[in-house]
Amino acid sequence: MAGLTRVQRPNVLFGYDGTDENEPALCWAVEEARLRGLDLVMCYCWHWPYPPGHVDENAQAIIERAGENLLSEGAARARALGAPGRVGTVLRREPVSETLVRESGDAELIVIGSHERRRVPAGSTAVELPARAHRPVVVVRGAAGDGPVVVGVDGSPGAEAALRFAVEEAVLRERELHVVWGAWEPGAVPDSELPLFADKEELLRVRTAMAEESLRVWRELYPKVSVRVSVLLERPRQALLGAAPGAALLVVGDRGAGGVDELLLGATSSTMLHHAPCTVAIVPAA
């Protein structure tokens with residue numbers, strides 16, 4: 001297995017809920033910890049079933065014990081799956097997104113499950129967490145496909161961070177890296193680049209050169225990684241959804257070249273979470 005060329009944070013943080021639907025995400029988190037040589041921290045957030053302000057210390061103690069037992073069973077399952085280092089557990093009261101952001105200071109990345117194979121419900125943790133987290137968030141949908149690691153690029157800082165993460169995943173998982181640039185986005189470029197859209201051949205040439213330049217350092221660091229570049233005269237969302245079927249992982253930045261409110265995901269990232277048929281990683285620029 002090829003290693004990484006940088007120092008990592010000490011653990012993979014996993015949002016655990018103990019359901020059967022959460023099992024693929026647990027397998028992904030364990031594999032991520034194994035490939036990266038990191039510890040695994042499993043976080044379970046318990047739900048208070050009573051109205052706000054209701055106090056029942058006995059009920060709370062019972063709920064917390066149930067959560068501790070669930071985490072103990074989950075940790076045992078993680079070890080059985082091959083977690084290589086320490087398996088830590090964290091029990092917190094909801095809300096889940098806030099808790100995972102707060103607990104992610106030592107996390108290299110955060111892994112959560114999506115109980116929907118294709119469509120992520122609006123308002124779910126899978127939507128809220130990537131918009132707020134300062135670490136990459138992997139939203140797992142079922143078992144990993146046997147295809148490449150796909151990454152969307154557009155020349156933005158977020159795309160550069162996404163590319164780095166995608167390269168690492170391709171190295172660790174020994175997969176092809178498929179770099180996709182949906183180049184038809186005239187509403188997300190500076191005025192100086194608008195003339196490119198009057199000459200499609202020139203637009204393709206410029207964007208291909210930009211993509212190759214962003215890959216240059218990674219080709220030098222990891223020459224054995226197979227890399228495929230697709231620069232398409234399509235909108236980014238269309239290009240990425242076209243490349244997603246069968247992918248082991250689809251990686252995008254949290255906000256693209258068009259810019260967006262810092263508390264919201266970019267349109268392309270949000271679309272991938274809602275509609276991509278594979279596991280999706282959202283990577284922050286910072």
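The open sheet of this predicted model is formed by 10 strands in the order β3-β2-β1-β4-β5-β10-β9-β6-β7-β8, with mixed pairing; two strands pair if DSSP finds at least two bridges between them, and strands (E, at least two residues) and helices (H or I, at least four) are DSSP runs numbered from the N terminus. Because β3 (87-93) and β8 (227-232) stand at the edges with a single partner strand each, one side of each is left without a neighbour in the sheet. From one strand to the next, the twist averages 20°, where axes are lines fitted to C-alpha atoms, for helices over the stretch in contact, and angles run from 0 to 180 degrees between N-to-C directions.

Strand β6 (residues 149-152) pairs in the parallel sense with β9 (residues 249-253) over 3 bridges, and 4 bridges join β6 to β7, which also run parallel. Opposite residues include the following.

| Residue in β6 | Partner |
|---|---|
| V149 | L249 in β9 |
| V150 | H178 in β7 |
| V151 | V251 in β9 |

The chain crosses from β6 through α5 to β7 in a right-handed β-α-β crossover, meaning that, with the strands pointing away from the viewer, the path from the first strand over the helix to the second runs clockwise. Both faces of β6 are covered, since V149 and V151 on one side and V150 and G152 on the other are all buried (under 20% relative accessible area, with exposed over 50% and partly exposed in between; 1.4 Å probe, protein chains only).

Residues are numbered from 1 along each chain as its sequence is written. Local features need pLDDT of at least 70, side-chain atom pairs count only at pLDDT 80 or more, and totals for chains, interfaces and linings use all residues, while side-chain values use heavy atoms, leaving out hydrogens and water.
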